[in-house]
Amino acid sequence: MSDAADLTKPYPNLFAGDVDWTCGAGWYPLLRRLFDQLEPMAAEARVSFPDRPLHVVQVKQKLGGLRVYVLGGAAEPVREKLLALIREAEEEAERTCELCGQPGSMRELRGYYTPRCDAHAWRGAQAKTSKRHLRSIDAGAG
Ligand SMILES: [Zn+2]
């Protein structure tokens with residue numbers, strides 16, 4: 001995951017340890033905006049809680065939604081603001097194609113849900129249709 005490694009590099013406070021990272025590159029721009037805001041908060045929290053530094057442990061797609069999990073200590077107003085910013089990013093992700101970052105909406109793809117733009121919405125469905133189409137040609141020829 002070199003892409004994710006490049007993404008986390010500018011945020012040494014937020015990404016102090018290992019991160020469990022499983023989400024599509026379409027969400028990287030909104031994650032970058034989120035981390036831009038969280039990094040100074042993590043640096044500030046680290047001063048008050050040096051033995052429990054605030055950091056991101058997991059960035060993942062769960063049931064079609066973005067989830068950002070953070071561990072560590074933070075004073076109450078910082079903590080509240082941090083959770084609000086994460087929630088905002090998670091809401092934005094629900095309207096953002098996970099593949100390309102274009103505006104999208106939640107779609108069902110092969111039984112699971114994921115936000116996709118119109119161009120990426122029916123990729124799975126198209127593959128199925130063309131297979132069925134081939135079969136019907138075979139049947140006609142035989
Ligand atoms: Zn897309």
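**View 1. The order of helices and strands along the chain.** Read along the sequence, this predicted model follows the pattern α-β-α-β-β-α-β-β-α-α. That makes 5 helices and 5 strands in the protein. Of its 142 residues, 23% count as buried. Contacts between residues at least 6 apart in sequence include many long-range ones: 53% of them join residues at least 24 apart.

**View 2. The sheet of β1, β2 and β3.** Three strands form an open sheet in the order β1-β2-β3, and their pairing is mixed. Its edge strands are β1 (20-22) and β3 (65-71), each of which pairs on one side only. On average, neighbouring strands of this sheet are turned by 20 degrees against each other, direction ignored.

**View 3. The pairing of β2 with β3.** Strand β2 covers residues 55-62. With β3 it pairs in the antiparallel sense, over 7 bridges. Which residue of β3 is the bridge partner of Gln61? The partner is Leu66. Leu66 also appears in the largest nonpolar core, among the residues with the most contacts inside it.

**View 4. Helix α2 and its kink.** Helix α2 runs over residues 28-48, 21 residues in total. From its first C-alpha to its last it reaches 30 Å, close to the 30 Å expected at 1.5 Å a residue. Where does α2 have a kink? The kink lies at Leu38, shortly before the proline Pro40, and is about 30 degrees. Leu38 is also one of the buried residues of the helix. The others are Leu31, Leu34, Phe35, Met41, Ala42 and Ala45.

**View 5. The largest nonpolar core.** In soluble globular proteins, nonpolar side chains tend to be buried together. Here the largest nonpolar core has 21 residues. Leu14, Leu31, Leu38, Ala42, Leu66 and Ala89 have the most contacts inside it. Two or more residues come from each of α2, β2, β3 and α3 (76-93). Which element gives the largest share? Helix α2 does, with 7 residues.

**View 6. The surroundings of Leu14.** Leu14 is among the core residues with the most contacts inside the core. What does Leu14 touch, leaving out residues up to four places away in sequence? Its contacts are Phe35, Leu38, Glu39, Ala42, His55 and Val56. Phe35, Leu38 and Ala42 are buried residues of α2. Leu38 is also the site of the kink in that helix.

Definitions and conventions
Residues are numbered from 1 along each chain as its sequence is written. This is a predicted model: local features need pLDDT of at least 70, side-chain atom pairs count only at pLDDT 80 or more; totals for chains, interfaces and linings use all residues. Helices (H or I, at least four residues) and strands (E, at least two) are DSSP runs, numbered from the N terminus. The expected span of a helix is 1.5 Å times one less than its number of residues. The bend at a residue is the angle between axes fitted to the seven residues ending there and the seven starting there. A residue is buried if 20 or more other C-beta atoms lie within 10 Å of its own, exposed if 12 or fewer, and partly exposed in between; C-beta atoms are placed from the backbone. Two strands pair if DSSP finds at least two bridges between them. Axes are lines fitted to C-alpha atoms, for helices over the stretch in contact, and angles run from 0 to 180 degrees between N-to-C directions. Two residues are in contact if their C-beta atoms, placed from the backbone, lie within 7 Å. A nonpolar core is a set of buried Ala, Val, Leu, Ile, Met, Phe, Trp, Tyr and Cys residues joined through C-beta atoms within 7 Å.
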